[in-house]
Amino acid sequence: MWDLAYVNTRIAAAVTYNAIACQSEVRGWWAQPETQAGIARIVTISDMQIATQITPLNDANRLGLLYRHEAAQLPWRGPIVDVHTHVGDVEGARLFFEVADLFGVQRIWTMTQLENIDAITAEFGDRVKFIAIPNYMRHAKDTFTVDFLKRIEQFAEKGSRVVKFWAAPRGHDFDREGFELDSPWRRRQMDLARSLGMMIMTHVSDPDTWFASHYLDHRRYGTKAQQYEPLERMLDEYHDVPWLAAHMAGDPEHLDHLQYLLDRYPHLYLDTSATKWLVRELSKHAGEYRAFCRNNPGRILFGTDNVANKETLSFDLYASRFWALRALHETDYAGPSPIVDPDLSMLDPSLPRAPTATRRGAAMDPTTLQCVYHDAAVGLEARSPQGDFS
Ligand SMILES: [Zn+2]
């Protein structure tokens with residue numbers, strides 16, 4: 001077991017130090033040539049060496065943390081599988097894996113356009129598994145119907161073993177045929193996935209904060225509870241297909257509801273992706289979340305929802321997701337999250353610019369971490385209907 005007290009003290013000191021350095025008059029003093037433009041320096045506070053970069057702060061790093069250094073300070077040393085990423089192209093993949101290496105992320109599952117699979121595989125090989133998605137770039141009437149059927153087969157030929165079905169309430173803003181999770185088109189696509197030995201992944205629902213703001217028109221979007229009616233219908237119908245519900249099945253706010261779903265559907269799995277949302281909500285009941293993961297071994301999989309492509313190239317962006325989620329799981333540190341969370345100002349416009357949520361770590365034991373970070377993904381891969389995930 002690691003020295004948690006030391007880790008917490010060190011993170012807290014880094015946060016305090018950076019907050020002071022960034023906001024006070026000493027900033028001018030620190031702006032020596034070697035510290036300009038965000039170049040890091042190591043400072044010593046109370047016998048601890050703290051890495052800091054004074055400028056520039058950005059929305060993925062409001063605390064001025066030097067993620068490259070902080071990654072090595074996190075306690076967990078084992079390999080990690082990230083089952084929820086969007087690595088879009090080879091340029092994004094190069095920077096993504098540079099960051100992933102620092103955070104111990106050995107393998108990923110990614111939602112990537114079919115056309116970019118070969119280039120990414122050529123460089124990163126077995127580190128990447130691909131999840132079938134529609135061709136969002138193609139603006140045609142049959143993109144999510146006939147064309148998706150065709151692409152599911154093409155993904156399967158390239159070794160994909162998962163098909164993603166996106167059914168967030170905001171999908172009703174697009175005029176999309178067969179959008180409902182239990183529509184005839186979705187069923188045809190799920191039938192095809194099952195016949196090809198692929199498993200199903202879904203995005204249903206969204207944060208409570210969105211149902212309190214964007215989704216007030218219940219006739220259009222439905223209530224949050226109503227999002228689970230088609231999901232449960234389909235879980236019943238496809239009881240023989242492993243099913244991964246992204247973003248803690250869209251309800252990290254209510255772990256009792258997730259426990260009901262896991263108990264009711266033994267083929268259901270959850271991922272921890274959507275860092276801002278998950279960190280904000282799980283921090284509110286960190287102890288309950290720790291028990292939830294410990295009591296459901298193999299059912300909760302680590303995922304970040306990192307989006308990496310040539311338009312998003314940012315070391316801090318990718319690193320912030322790994323760091324915030326890992327610190328949530330491994331430490332019991334309570335304090336500000338480094339990531340700006342626009343949902344907070346959406347609910348309370350009086351908040352200062354660039355608010356960040358309060359993060360409270362769940363300090364999971366090594367056995368639980370091993371499961372969430374690695375073994376759950378390996379177990380689900382082994383349950384792939386084809387029995388071969390490679
Ligand atoms: Zn995603």
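Q: In which helix is the place of Ala93?
A: The model is predicted: local features need pLDDT of at least 70, side-chain atom pairs count only at pLDDT 80 or more, and totals for chains, interfaces and linings use all residues. Residues are numbered from 1 along each chain as its sequence is written. Helices (H or I, at least four residues) and strands (E, at least two) are DSSP runs, numbered from the N terminus. Ala93 has its place in helix α4.

Q: Is Ala93 buried or exposed?
A: A residue is buried if 20 or more other C-beta atoms, placed from the backbone, lie within 10 Å of its own, exposed if 12 or fewer do, and partly exposed in between. Ala93 has 26 C-beta neighbours inside 10 Å, and therefore counts as buried.

Q: Which residues does Ala93 touch, not counting residues up to four places away in sequence?
A: Two residues are in contact if their C-beta atoms, placed from the backbone, lie within 7 Å. With residues up to four places away in sequence left out, Ala93 touches Val87, Ile120, Glu123, Phe124 and Ala308.

Q: How are helix α4 and helix α15 oriented to each other?
A: The axes, lines fitted to C-alpha atoms over the stretch in contact, give angles that run from 0 to 180 degrees between N-to-C directions. For α4 (residues 90-102) and α15 (residues 315-330), the axes come within 9 Å and cross at roughly 40 degrees. Angles under 35 degrees count as roughly parallel, over 145 as roughly antiparallel, 65 to 115 as roughly perpendicular and the rest as oblique. The orientation of α4 to α15 is therefore oblique.

Q: What is the class make-up of the contact of α4 with α15?
A: The contact is made by Leu95, Phe96 and Val99 of α4, together with Phe315, Tyr318, Ala319 and Phe322 of α15. Ala, Val, Leu, Ile, Met, Phe, Trp, Tyr, Cys and Pro count as nonpolar, Asp, Glu, Lys and Arg as charged, and the others, Gly among them, as polar. By class, the contact of α4 with α15 has no polar residues, no charged residues and seven nonpolar.

Q: How is helix α6 oriented to helix α7?
A: The axes of α6 (residues 146-157) and α7 (residues 184-195) come within 10 Å and cross at roughly 10 degrees. That angle is why α6 and α7 are classed as roughly parallel.

Q: How do the residues of the contact of α6 with α7 divide by class?
A: Phe148, Leu149 and Ile152 in α6 meet Arg188, Gln189, Leu192 and Ala193 in α7. The residues of this contact divide into five nonpolar, one polar and one charged.

Q: Which strands stand at the edges of the open sheet?
A: Two strands pair if DSSP finds at least two bridges between them. The open sheet has nine strands in the order β10-β9-β8-β7-β6-β5-β4-β3-β11, with parallel pairing. Each edge strand has a single partner strand, so one side of each is left without a neighbour in the sheet; the two are β10 (300-301) and β11 (306-308).

Q: Which residue of β10 is the bridge partner of Leu270?
A: Strand β9 (residues 268-271) is covered on both faces, with Leu268 and Leu270 buried on one side and Tyr269 and Asp271 buried on the other. β9 pairs in the parallel sense with β8 (residues 243-245) over three bridges, and two bridges join β9 to β10. The bridge partner of Leu270 in β10 is Ile300.

Q: What is the approximate phi of Ala274?
A: Most residues other than glycine have a negative phi. Ala274 lies in the loop between β9 and α13 (275-282) and is buried, with 24 other C-beta atoms within 10 Å. Its phi is positive in a residue other than glycine, near 90 degrees.

Q: What is the approximate phi of Met248?
A: Met248 lies in helix α11 (residues 246-249) and counts as buried, with 27 C-beta neighbours inside 10 Å. Met248 also has a positive phi, near 50 degrees.

Q: How far apart in space, C-alpha to C-alpha, are Asp343 and Ser213?
A: Asp343 lies in helix α16 (residues 342-347) and is partly exposed, with 19 other C-beta atoms within 10 Å. Not counting residues up to four places away in sequence, Asp343 touches Pro207 and Thr209. Asp343 and Ser213 are 130 residues apart in sequence, and their C-alpha separation in space is 9.4 Å.
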